[in-house]
Amino acid sequence: MALRKCGNLFAARLVGSSARSASTMTVRDALNQAMDEEIKRDDRVFLLGEEVAQYDGAYKVSKGLWKKHGDKRIIDTPITEMGFAGIAVGAAFAGLRPICEFMTFNFSMQAIDQIINSAAKTYYMSAGRVPVPIVFRGPNGAAAGVAAQHSQDYSAWYAHCPGLKVVTPYSAEDAKGLLKASIRDDNPVVFLENEILYGQSFPVSDEVLSDDFVVPIGKAKIERAGDHVTIVSYSRGVEFALDAAKQLESIGVSAEVINLRSLRPFDFESIRKSVHKTHHLVSVETGWPFAGIGAEIAAQVMESDVFDQLDSPLLRVTGVDVPMPYAHTLEQAALPNAGHVVKAVKKSLNIA
Amino acid sequence: MTKFLSLVHLERIWTQTMALFARQIQSLRGPAALATQQVRLASTEVSFHTKPCKLHKLDSGPATSVTLNKEDALKYYRDMQVIRRMESAAGNLYKEKKIRGFCHLYSGQEACAVGMKAAMTDGDAVITAYRCHGWTWLLGATVTEVLAELTGRMAGNVHGKGGSMHMYTKNFYGGNGIVGAQQPLGAGVALAMKYREQKNVCITLYGDGAANQGQLFEATNMAKLWDLPVLFVCENNGFGMGTAVERSSASTEYYTRGDYVPGIWVDGMDILAVREATKWAKEYCDSGKGPLMMEMATYRYHGHSMSDPGTSYRTRDEIQEVRKTRDPITGFKDRIITSSLATEEELKAIDKEVRKEVDEALKIATTDGVLPPEALYVDLYHNTEAQAVRGATIDETIVQPYKTSADLLKAIGRA
């Protein structure tokens, strides 16, 4: 009798778990699936970067792709960012659709002239003669214990430049839909992933699993509806915002969390609509505060009717204005967390 | 080494023999001309001798005996004259302050562009730096398009959106303002050619100054690793802006700087040598042997750009000497006249025609209108809905009235 019950339980768990695994996905797998599908769909698409082929990707994002698609579509490059980014842009000039991976965006600084001067500006300078359908992707921002030179957040740097599109996925659905949209986009896209999010699982619908699932670039998503305060963020910051929203719920504060999904084009309209409802605004980012994304949101709010809708000023939650230290306690102290978001919301609402 | 020496030895015997039959006009032009003898072949084709190419990691190179027919002779002469006149007109426009910003003139280097173009086949591509006006014209733009772009008018190649350094045509990827950026870009175009299994090459030009850029070595490494059909061509005109090659480069043998990539040094003032070498290089690349590096020994008469008189780091005598003894157009003119491929009258007629073409272009370049203010906002994104573009103040933020130059031009009747 007990054995049968155990057997039933076991069977139920099997069924339950397979149903669950069909509807959750890690960000890593979402990115992998997006690239796999787009490479299959359009023979002009190819991936190049360090360790993307035989190593299966430094962070295993491109795992299995080389075995499936071969040397022509998945290309291991030498450690020469300026060179291979330039080659990728040249290939895009000539009509291919490269995905150029930077092992982290810290290394993109070596190639930044090609990203800005060759990719971002060429369509404009050429009066539309030369479109540049390229995606630059890779992990951006702090990881874990990799210290100052490997932890910088480039959101503000790339979002600053006209001619680029800048996309910042958070969930697995974001990752898949936005990467597919970016690859199909005829413009240079800087696709800022986050290493810590790679291993995180998110629930995904069947629609997300289909091979034509695309999320439009430049449109934010309301991750959680609320009435008392708007918390706007992107990438890993959304995790802190959602955690904070949960904590705030227990003290009766209803927070609306906006996941920007893209930084350029920027969906200010989603912020406007939300603040018209909540009259309180907090921004969350992990990058440095000076001239960062929160600063841009503040400026846009000041210059619009959203200013009149606010019952208190925008408050920003950001990374600390220092290079990233190594020691774990220091590193933790250099980054924002859900606690900071809760504090900011409480200050905005003037509650203890 | 020995092969090269014996070639020179043979050359000397040949030229001494031919000297007996050389016309006086050639002897007046100096010893260089004696090395470029010609032999009349049947009908309107003549054979010429060119200076041999120096070779790096190659057992054989381009032929030094070159044939030229009348049709090509007249075409090459005309092409070089158009570039010379067009650049001259640009220089004058700049002095009249009708061109702003940067203006880098190609005068003196015509044989490089015209010679390479003569060896190109359909589907080949070119990318260069900012000394690009001559190339832009050669690769399909009209003289009007080039000059009007310099003066920022609607009739310009990119309607005034780009200017001197940013002009484009089919298979011509500019016009690039950042020194060296075009080096990996060109390798990338070649990658696309290989990807599509085309039998083409991408000619990737850079100067002696850019020859020291790190990204050249990065691009060369990948080009060799992946057998990309790219010709890295150094147009060595002796100066990187105001710095003579000996002061910028630990090695001035630019055709050897590819190290494991074979290279050819070419007399860049001799359009036939350039054409022959480029033909040879193309065959090399097309046969799947990978990239090649070429060095064109050439010279620019003007300064680095129009803001450089070009005489603080070299003497006027040096410039005059090159004009007198090595000018690519005069040298070619002498050859085709003395070999009876062309007559003085035919060439004079071409000169007149070229002058007319450039003058007409000048008229448009100085009188055409400029793009309306809405043009500021066009060409931001391809195939994307109209964007709101932040203006100088928040109140001047507008949604793009037109998304592309093409749309705007159509709307104002300038399609």
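Here a trainee and a mentor talk through how a few labels are earned in this predicted model.

Trainee: Let's start with the interface. How do you know that chain B and chain A are in contact?

Mentor: Contact needs heavy atoms within 4.5 Å. By that rule, 42 residues of chain B are in contact with 48 residues of chain A. The area buried between the two chains is about 3700 Å², and carbon and sulfur atoms give 62% of that. Tyr195(B), Tyr381(B) and His382(B) supply 21% of the area that chain B buries against chain A, more than any other three residues.

Trainee: What makes Arg390(B) and Glu303(A) a salt bridge?

Mentor: The cut-off is 4 Å between a side-chain nitrogen of Lys or Arg and a carboxyl oxygen of Asp or Glu. In this pair the closest N and O atoms are 2.2 Å apart, and 2.2 Å is within 4 Å, so the name fits. The rule finds three salt bridges across this interface, along with 18 residue pairs in polar contact.

Trainee: Which elements give two or more residues to the side of chain B that touches chain A?

Mentor: Those are α8 (182–195) and α9 (214–225) of chain B. Helix α8(B) gives the most, with eight residues. By type, the residues on that side of chain B divide into 21 nonpolar, 14 polar and seven charged.

Trainee: Now the inside of chain B. How do you know that the length of helix α14 of chain B agrees with what it should span?

Mentor: You set one value against the other. With 24 residues (344–367) at 1.5 Å a residue, α14(B) should span 34 Å, and its end C-alpha atoms are 35 Å apart, which agrees.

Trainee: Which residues of α14(B) are buried, and what do they pack against?

Mentor: The buried ones are Leu347(B), Ile350(B), Asp351(B), Val354(B), Val358(B), Ala361(B) and Ala365(B). They pack against α4 (70–95), α7 (143–150) and α13 (328–338) of chain B. It helps to remember that an α-helix has 3.6 residues a turn, so residues three or four places apart point the same way.

Trainee: Glu353(B) is in α14 too. Why is it called partly exposed?

Mentor: Buried means under 20%, exposed means over 50%, and partly exposed is in between. Glu353(B) has 43% relative accessibility, so it lands in the middle class. Its salt-bridge partner Arg78(B) has 18%, so that one counts as buried. The closest N and O atoms of the pair are 2.9 Å apart. The bridge links helix α14 to helix α4 of chain B, with the two residues 275 apart along the chain.

Trainee: Where do Asp270(B) and Arg335(B) sit, and are they buried or exposed?

Mentor: Asp270(B) is in the loop between β10 (263–267) and α11 of chain B, while Arg335(B) is in helix α13 of that chain, 65 residues apart. Both are buried. Their side chains meet in a salt bridge at 2.8 Å, N to O.

Trainee: Why is Gly290(B) called buried?

Mentor: Its relative accessibility is 1%, so it passes the under-20% test. Gly290(B) lies in the loop between α11 (271–289) and β11 (292–297) of chain B. Beyond its sequence neighbours, it touches Asp227(B), Leu228(B), Tyr284(B) and Cys285(B).

Trainee: What about His104(B), in the loop between α4 and α5 of chain B? Why does that count as buried?

Mentor: The reasoning runs just like before: 3% is under 20%, so His104(B) counts as buried. Among the residues it touches are Glu87(B), Tyr130(B), His133(B) and His304(B).

Trainee: And what makes Pro313(A) exposed?

Mentor: Its relative accessible area is 58%, which is over 50%, so the label is exposed. Pro313(A) is found in the loop between α13 (306–309) and β14 (315–317) of chain A.

Trainee: One last pair. How do you know that Arg97(A) and Asp186(A) are both buried?

Mentor: Arg97(A) has 7% relative accessibility, so it counts as buried. Asp186(A) has 18%, so it counts as buried as well. Their side chains meet in a salt bridge at 3.0 Å, N to O. A search of the whole structure finds 41 salt bridges over all chains.

Key. Residues numbered from 1 in each chain as written. Chains lettered and ligands numbered in written order. Predicted model: local features only at pLDDT ≥ 70, side-chain atom pairs only at ≥ 80, totals over all residues. Heavy atoms only, no water. Buried area = accessible area lost by both parts, 1.4 Å probe. Polar contact = N/O pair within 3.5 Å; in protein donor to acceptor, adjacent residues only side chain to side chain. Helix = DSSP H or I, 4+ residues; strand = E, 2+ residues; numbered from the N terminus. Nonpolar A, V, L, I, M, F, W, Y, C, P; charged D, E, K, R; others polar. Expected span 1.5 Å × (residues − 1). Buried < 20%, exposed > 50% of the residue type's maximum accessible area, 1.4 Å probe, protein only.
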